[in-house]
Amino acid sequence: MAKLIFTLDGTVLDEYPLNKQRISIGRRPASDIHIDSLAVSGEHAAILTVGKDAFLEDLNSTNGTLVNRKRIKKQMLQHGDLIEFSNYKLTYVKEDKDLAADAGASSAAMLVGRITVLDGPSAGKELLLSKAITTLGNPEVQTAAISKLEQGYSIAHVGGVNHLRVSDQAVGVEPCQLRDHDVIELAGVKMRFYLSES
């Protein structure tokens, strides 16, 4: 079952499974996802689940609804999409089995991502990116999340003052597509991302 991870300034506040056909989002206490912020309308948005697909709809809110930094009226959600309401964020996450079903027969041939630590006390350590979302870093310093998508892998800044860097480019909360052999710099540690057969 898909779910939404609710965060404020990089801190996880709650998780909401999409376990009913319509989930309401707004400032009203009766909302399924209550966001206590004046930037959020009483009835701000709703998520409609049809089969395995979820659609986010803005309900003519005052400040609008952003998905991956773009204002939307109605949009089908993809794994890893970031929904923003001022400083509050909801990340749409599908379970591994749902992602596998989406990928279909081609998933067997899909390359699997791996991370190799290049320096520091864990140099040489390898991490297989088999989960839908893998969190990296130190919560007290800097954290990032790597999402396993149908079309590959993406990485986004989750917490910490400094943004992570991928191949010398700063990466913020908007996900960045990872390419084979990209070097990730996170919390003072360099890691290499690469793809290999499972």
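Q: What makes E4-E3-E5-E6-E9 an open sheet with mixed pairing, and which strands are at its edges?
A: Five strands stand in the order E4-E3-E5-E6-E9, and their pairing is mixed. Strand E4 (33-34) and strand E9 (74-76) are the edge strands, as each pairs on one side only. Strands here (E, at least two residues) and helices (H or I, at least four) are DSSP runs, numbered from the N terminus.

Q: What kind of model is this, and how are its residues numbered?
A: The model is predicted, with local features needing pLDDT of at least 70 and side-chain atom pairs counting only at pLDDT 80 or more, while totals for chains, interfaces and linings use all residues. Residues are numbered from 1 along each chain as its sequence is written, and side-chain values use heavy atoms, with hydrogens and water left out.

Q: How do you know that strand E5 and strand E6 pair?
A: Two strands pair if DSSP finds at least two bridges between them. Strand E5 (residues 45-50) and strand E6 (residues 53-58) run antiparallel and are joined by six bridges, so they pair by that definition. Val50 has Asp53 as its bridge partner in E6.

Q: Why are strand E13 and strand E18 called edge strands?
A: The open sheet has six strands in the order E13-E12-E21-E20-E17-E18, with antiparallel pairing. Strand E13 (126-129) and strand E18 (169-171) each have a single partner strand, so one side of each has no neighbour in the sheet. On average, neighbouring strands of this sheet are turned by 30 degrees against each other, direction ignored.

Q: What makes strand E17 and strand E20 a pair?
A: Two bridges join strand E17 (residues 164-166) to strand E20 (residues 183-186) in the antiparallel sense. Val166 has Ile184 as its bridge partner in E20.

Q: Why is Ser154 called buried?
A: Buried means under 20% relative accessible area, exposed over 50%, and partly exposed in between (1.4 Å probe, protein chains only). Ser154 has 6% relative accessibility, so it counts as buried. Ser154 lies in strand E16 (residues 152-160). Its contacts (heavy atoms within 4.5 Å) include Ala145, Pro175 and Leu178, not counting residues up to four places away in sequence.

Q: How do you know that Glu43 and Arg28 form a salt bridge?
A: A salt bridge is a side-chain nitrogen of Lys or Arg within 4 Å of a carboxyl oxygen of Asp or Glu. For Glu43 and Arg28 the N to O distance is 2.8 Å. Glu43 is in the loop between E4 and E5 and Arg28 in the loop between strand E3 (22-26) and E4, so the pair ties together parts 15 residues apart in sequence. Glu43, at 49% relative accessibility, counts as partly exposed, and so does Arg28 at 47%. The count of salt bridges by this rule is seven.

Q: Why is Arg114 called buried while Glu126 is called partly exposed?
A: Arg114 is buried because its relative accessible area is 18%, whereas Glu126 counts as partly exposed at 41% relative accessibility. The two form a salt bridge, with the closest N and O atoms 3.3 Å apart.

Q: What makes Lys74 a charge over the ring of Phe55?
A: The rule asks for NZ of Lys or CZ of Arg within 6 Å of the ring centre and within 35 degrees of the ring normal. Lys74 lies over the face of Phe55, at 5.9 Å from the ring centre.

How values were computed: Axes fitted to C-alpha atoms, helices over the stretch in contact; angles between N-to-C directions.
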